[in-house]
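Please open the model in a viewer and keep the sequence panel visible. The tour below proposes a series of selections and describes what is found at each.

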Amino acid sequence: VSKCYKPLRIDHSDFGLPISGVQPEGAVFAPNTGYISDPMLAVQNMKYAAESVRTNGNKNANFLFGRQVVEINQKNGKVCGVALADGDYISCNVVLNAAGPYSAQLNNLAFLDSNINDMKFETRPLRQEVAYCNGPEGIDMDKDGFISIDLDTGCYFRPEVGNKLLIGGCKWGIYTYLCAFHLITMSFMLTESSIVF
């Protein structure tokens, strides 16, 4: 999309107008994909799924909350248990890392030797500001909203709970104006409110 629009300041008279004769080359539409906007809900869904798996009537997953893992033990390259800060030890064959932005710290416990760590990326807590706006009039964002991402510009928008629209990018104010410009029916007013992740 960025190849179809001139990089202009927001106050320029041609801002948001496509370059004459230039059309986007294509896009990807994947209607059966999605996201969960609440990280706790994603973890809760994994918990319910794990608890629902039973062997001979016995649960295969147990959860201990508010307990700190201090060591992940391995034998022959496979997990065999975890040690907790209170001295308890849990034997297990699988550890599910659901530590969110702190998951890299848990990975480091599992892979003390960084040469054998097969994780190709690391996570870290990140503060990101996004615009939080009302959705376009006449569109039920909760039911019919979709995620749109322009990888050329780094701009994205997606539906948010409550028939809202969440807009993000490198400079969220500019992208909010750009999205509003293209979503003509959007009841738009840029306010001081934003969400910080």
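**A salt-bridge network around R67**

Begin by selecting R67, which is partly exposed with a relative accessible area of 31%. The coordinates come from a predicted model. Next, add D88 to the selection: its salt bridge with R67 has the closest N and O atoms 2.5 Å apart. R67 sits in the loop between strand 2 and strand 3, and D88 in the loop between strand 4 and strand 5, so this pair ties together parts that are 21 residues apart in sequence. Then add D86, whose side chain meets that of R67 in a salt bridge of 2.8 Å, N to O. D86 also belongs to the loop between strand 4 and strand 5 (89-91), so its pairing with R67 ties together parts that are 19 residues apart in sequence. Both acidic residues are partly exposed, D86 at 48% relative accessibility and D88 at 40%. Through shared partners, the salt bridges join R67, D86 and D88 into one network.

**A salt bridge within helix 1**

The structure holds four salt bridges. For another of these, select E51 and K47, where the closest N and O atoms are 2.8 Å apart. Both residues lie in helix 1, four residues apart, and are therefore separated by about one helical turn. Are these residues buried or partly exposed? E51 counts as partly exposed, at 23% relative accessibility, whereas K47 is buried, at 19%.

**The nonpolar cores**

Now select I72, V82, L84, C92, L106, A110 and F111, the seven residues of the largest nonpolar core. Strand 4 (78-84) and helix 2 (103-110) are the elements that give two or more residues to this core. Focus on L106: leaving aside neighbours within four places in sequence, this residue is in contact with V69, I72 and N97. Apart from this core lies another, of six residues, including M141, F157, L165 and I167.

**E160 and its surroundings**

Move to E160, located in strand 8 (residues 155-160). This residue is buried, with a relative accessible area of 11%. Display its side chain together with that of R158 to see a polar contact of 2.9 Å. Not counting residues up to four places away in sequence, E160 touches Y35, S37, Y132, D142 and L166.

**A surface patch that includes Y35**

From E160, follow the contact to Y35, which lies in the segment before helix 1 (39-52). Y35 is partly exposed, with a relative accessible area of 36%. Adding I147 and I149 to Y35 completes a nonpolar patch on the surface, with about 280 Å² of accessible area together.

**Two residues with positive phi**

Most residues other than glycine have a negative phi. Select N76, a non-glycine residue with a positive phi of about 55°, in the loop between strand 3 (69-75) and strand 4. N76 counts as exposed, at 76% relative accessibility. Then select N163, where phi is likewise positive, near 60°. N163 is placed in the loop between strand 8 and strand 9 (164-168) and counts as partly exposed, at 29% relative accessibility.

**The whole protein**

Finally, clear the selection and view the entire protein, which has four helices and ten strands. Buried residues make up 20% of its 197 residues. The accessible surface comes to about 14,500 Å², of which 55% belongs to carbon and sulfur atoms.

Terms used. Residues numbered from 1 in each chain as written. Predicted model: local features only at pLDDT ≥ 70, side-chain atom pairs only at ≥ 80, totals over all residues. Heavy atoms only, no water. Buried < 20%, exposed > 50% of the residue type's maximum accessible area, 1.4 Å probe, protein only. Polar contact = N/O pair within 3.5 Å; in protein donor to acceptor, adjacent residues only side chain to side chain. Contact = heavy atoms within 4.5 Å. Core = buried A, V, L, I, M, F, W, Y, C linked by side-chain atoms within 4.5 Å. Patch = residues over 30% accessible without salt bridge, like charges linked within 9 Å, V, L, I, M, F, W, Y side chains within 5 Å. Areas by Shrake-Rupley, 256 points an atom, 1.4 Å probe, with all protein chains shown as cover.
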